[in-house]
Amino acid sequence: MTMTAVPFADAGLPAVRVQRQTPSGRIALTLALAALVALVAMPWWASTGTIRWILELCCYLAVAQMWNLLAGYAGLVSVGQQAFMGAAGYALFVLAQTYGINPFLAVFLSLLVPAVLAVPTYFLLHRLEGPYFSIGTWVVAEVFRLVSTNLPLVNSGAGMSLRVMKDYSAFERNVAMSLLCATLLLVTLGGSYWLLRSRFGLALIAMRDNPVAAASQGVQVGRLRFLIYVAAAVGCGLAGAIYFMAQLRITPGSAFDPMWANLAIFIVMVGGIGSIEGVLIGTLIFFVADRWFGEYGASYFVVLGLMTLAVALYARTGIWGAIARRWDAPWFPIGRRLIDPQQGTKGETR
Amino acid sequence: MSAVLSTHGLVARYGDFQALYGVDTELGAGECVALIGANGAGKSTFLRAVMGLLPVAREMVRLDGEPVGGTAPDRMVQKGVAIVPEGRRLFTGMSVEDNLRVAIDQAARAAGKAGARAGGKGGWTLKRVHDLFPILAEKARTPVQSLSGGQQQMVAIGRALLCQPRVLLCDEISLGLAPKVIREIYAALPEIRAAGTAVILVEQDVGLAQSASDRLYCMLEGRVTLAGKSAEISRAQIGEAYFGVGHAVA
Amino acid sequence: MQWLDALIQGVLLGGMYAQYALGMALMFGVMRIVNISHGDLVILLSLIGISLASAFGLGPLPVLVALVPLAVLIGFVLQKTVLNRVVGNDPLPSLIATFGLSIALQNLMLQIWSANSRSLPGYGLESRSIEIGGIYIGLLPVIVLAVATGLTWGLDLMLKRTRFGRALRAAAADVEAAAMTGIDPRAVYALATAAAVGILGFAAVFQALRSTVAPADGPAQLIYAFEAVIIGGMGSVWGAFIGSMVLGISQAIGFRIDPGFGVLAGHIVFLFVLATRPQGLFGRA
Ligand SMILES: Nc1ncnc2c1ncn2[C@@H]1O[C@H](COP(=O)(O)OP(=O)(O)OP(=O)(O)O)[C@@H](O)[C@H]1O
Ligand SMILES: [Mg+2]
């Protein structure tokens, strides 16, 4: 790994350095890379069943992080990202099953559909104020569901199966799934981390903290929101395409299931909004809870709902927020710290 | 002289930014005190803190000797403090009369609740406000957003008076108005004071503030830099306190 | 003839939607809050009404008399315990809080009442109809429309003429200025939500009489209320009323074209209004 601290060379100023990585961050990044390698190597150490649930976990992570990017940074609280998951899923099935395109190529081609659909959707919905925007995203997801129910191209309400996958051996499928999982996380989590550390990052964080002030300092809030919306649609689309490829079947009900919105909101709010760490923590909690308590069905969801409510009322920053207040050891530092070699840390932007 | 309203080491902040650094003031019953200072001196912040719009400690504001700092604004109104806020803050979409009626409603509600009113004996009615500013009677049905600036300011003052205040806080009521309109509005001051209402006038126009008030405070960067009888303070003193010349040298 | 019939059925359906939409328009107008559990509250009240009716053998009117005060109480408590903590400039906390509440409510209802669809016995009221020139008009839908009109009219009058209505409009225009005029915003908010949910008490009874209810039906009601409010134009109760009519008519006509197209037609009209007249049919630009 390379040092990310760069010397700050400005005449007349004391010799401060801008530090962009921390010890905790280096450990986390190393672990993340190790996890990525393990993910790619899954066919050689994991059973097909294990790969399946890890794939699900990866989809949760991806969808939650996309929601986090929307709600936590861009101030766009969507409850309809399932629209883009289903759209990409259907696109994959049509391309691979109906038109016979190689399914692993089709996964990526199918991303064009959410990208293209996100543009008019954003231009319609951004006219709605705050909470109305959210319900609007839900309506769009419902429209997608109803259209697919009536669209002969996607076999209407009966849904489609991905029979072409039978042409590949179980091992080949496992290799492909593993690579796709790794790609998904690299694109959604890695991409978000890269984005937040890029020159857009500061603008995004300024926008998160105060959109009005950010706009007055030259951040193009509207344009940035639009780009984030499209990016999140593509990210969710990739998760959807991979998820439904593993499922081998897609129906209007499953493709545009509002459950995905519930899940993303729970994960991000409980884990801690506005941070990648929060998404990891929240996903872990949700995943474990789902395995252990999922069998309790309705009561389990009552508890999840009440927990989400409690977080909104009493602990807006979630678990990671509570941790970050106590220990200053970010796993994915995105701020810049000014280091004065004589005195240690001077100031920080987060 | 017993003060009706006083502040004691009043401190206020907006998040990390401290805007007031221990402000001590006093307002006698029936008195008119002017508060002057440059832009950003903290005058509006002072009024907002007194009104309970910013979190302050209980002991920092006293009304008739009773500590009231941090009391919610609607409770402050019931206790007899009303404000003509910076920027007027009228209820857009509502008519002139409805804007005034909101205050009447609340005063009546408070009177009903408390039995006898805790507020002033001003006895302000819609009719008296109309006598004070006749144009408001004429424009009673007009939506406030289509009034001129001066007329809007009259609605804001009328609304505050109908809260039946013993203490009236006015934030730059002359701002952006033509000299003739300013005279018209300031002509209402004696009538307001005749009812026994004490007034704090925040003003940018130093001459106007000096001539309309009994006493005067000058603020600079969140502190009081000058206090005294309006008639006795010289222009030079004000200039020094206003721009902090003395402070800069020291 | 068939289209005239669809138009009439649409208007009548709109009467049902108006009963959901009024409360949402009121709450958003005053607090800038959308209660995601809006539809779930209707269903909850319906199910309580159905249980009351079967336990005590009550007819629709006594159920209504019992449900509306209960709804008012629920609204008041909801505001005091949840919404007053999340009102503010940031829409996120209120959305998340009511979203969590919605999930919890739906699943709680599922546990108590199971996933079955139920309805409120109308003792023949639901099957009576009047024939006008070959078109049969159900008596119940006409009552629903009449009640919706009455509620809209009453709410509008309350906002314009009463002390509480003025306080509400003042708080909607500028909360801080309202507080500086002696209004306690939290008290006004609590009453506004009590009124909004109270109206849902009517909606609950009529929904359960007109068709069936099941624990999972809430989100659909939320979406219809929302579409009606946006189509009509935010900030006016008559706008919400007209928006409900437009939505009802769109769905009824869509349904005549193809039964699978009814709900979708409503969504499409909503999106069309959003594209061409984002302030709504009655909104100020
Ligand atoms: N909402 C706010 N958030 C942060 N800082 C604020 C806020 N309002 C005022 N300030 C700051 O507090 C200080 C005092 O402001 P205040 O509005 O009290 O000044 P003022 O004396 O009323 O000035 P003016 O004559 O311009 O009205 C200023 O530095 C201002 O920038
Ligand atoms: Mg000011």
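Reader: Hi! I'm new here, so let's start with ligand 1. Which residues come nearest to ligand 1?

Author: Welcome! This is a predicted model. In it, 14 residues surround ligand 1, and the nearest are Gly40(B), Ser44(B), Thr45(B), Glu86(B) and Gln204(B).

Reader: Which element gives the most to the shell around ligand 1?

Author: That is α1(B), which contributes three residues. Both β2 and α1 of chain B supply at least two residues each.

Reader: Okay, and polar atoms? How far is a polar side-chain atom of Glu86(B) from an oxygen atom of ligand 1?

Author: For Glu86(B) the distance is 2.6 Å. Asn39(B) also has a polar side-chain atom 2.9 Å from a ligand 1 oxygen, and for Glu172(B) the corresponding distance is 3.0 Å. As for cover, ligand 1 on its own has 630 Å² of accessible area, and the protein covers 63% of that.

Reader: Nice. You mentioned β2 of chain B. In what order do the strands of its open sheet come?

Author: The order is β2-β1-β4-β5 in chain B, four strands with antiparallel pairing.

Reader: Why is one side of β2 and of β5 left without a neighbour in the sheet?

Author: Because β2 (17–28) and β5 (66–67) of chain B are the edge strands, each has a single partner, and one side of each stays free of a neighbour in the sheet.

Reader: And where does α1 of chain B fit in? Which strands does it touch?

Author: Helix α1 (residues 43–51) packs on this sheet and touches β1 (3–14), β2 and β4 of chain B. Its direction makes about 110° with that of β1(B).

Reader: Back to β5(B) for a second. How many bridges pair β4 with it?

Author: Two bridges, in the antiparallel sense, with β4 covering residues 61–63 of chain B. Leu63(B) has Glu66(B) in β5(B) as its bridge partner.

Reader: I see another sheet in chain B. How many strands form the open sheet with mixed pairing?

Author: Six, in the order β6-β7-β8-β3-β9-β10. The edges are β6 (81–84) and β10 (223–229), each with a single partner strand, so each has one side without a neighbour in the sheet. On average, neighbouring strands there are turned by 15° against each other, direction ignored.

Reader: Do β3 and β8 run parallel or antiparallel?

Author: Parallel: five bridges join β3 (residues 32–37) to β8 (residues 198–203) of chain B. Across that pairing, Ile36(B) stands opposite Glu203(B) in β8(B).

Reader: Which strands does helix α6 of chain B touch?

Author: Helix α6 (residues 149–161) packs on the sheet against β6 and β7 (167–171) of chain B. Its direction is about 175° from that of β6(B). Helix α10 (residues 235–243) of chain B lies across β3, β9 (215–220) and β10, running at about 35° to β9(B).

Reader: What do β9(B) and β10(B) form together?

Author: A hairpin, with two residues between the strands. In the turn, Glu221(B) has a positive phi of about 45°. Six bridges join the two strands, which run antiparallel, and Cys218(B) is partnered with Leu226(B) in β10(B).

Reader: Let's switch to chain C. How many residues lie between β1(C) and β2(C) in their hairpin?

Author: Two, and Gly133(C) in that turn has a positive phi of about 50°. The strands, residues 129–132 and 135–138 of chain C, pair in the antiparallel sense over four bridges. Glu131(C) stands opposite Tyr136(C) there.

Reader: Which residues of chain C does UniProt list as "transmembrane region"?

Author: The unreviewed entry lists 6–29, 41–58, 95–115, 135–159, 188–209, 221–247 and 259–276. Residues 6–29 of chain C are 100% helix and 0% strand, with end C-alpha atoms 32 Å apart. Residues 188–209 of chain C are also 100% helix and 0% strand, with their end C-alpha atoms 32 Å apart.

Reader: What about chain A?

Author: For chain A, the unreviewed UniProt entry gives "transmembrane region" for several spans, including 27–45 and 107–125. Residues 27–45 of chain A are 95% helix and 0% strand, with end C-alpha atoms 24 Å apart. For residues 107–125 of chain A, helix makes up 89% and strand 0%, and the ends are 27 Å apart by C-alpha atoms.

Reader: Last one! Which chains share the most contacts?

Author: Chains A and C do, out of two pairs of chains in contact. Chain A and chain B do not touch, and their nearest C-alpha atoms are 13 Å apart.

Key
Residues numbered from 1 in each chain as written. Chains lettered and ligands numbered in written order. Predicted model: local features only at pLDDT ≥ 70, side-chain atom pairs only at ≥ 80, totals over all residues. Heavy atoms only, no water. UniProt positions renumbered as here; feature names shortened; annotations may be inferred. Pairing = 2+ DSSP bridges. Contact = heavy atoms within 4.5 Å. Axes fitted to C-alpha atoms, helices over the stretch in contact; angles between N-to-C directions. Near = heavy atom within 4 Å. Polar contact = N/O pair within 3.5 Å; in protein donor to acceptor, adjacent residues only side chain to side chain. Areas by Shrake-Rupley, 256 points an atom, 1.4 Å probe, with all protein chains shown as cover.
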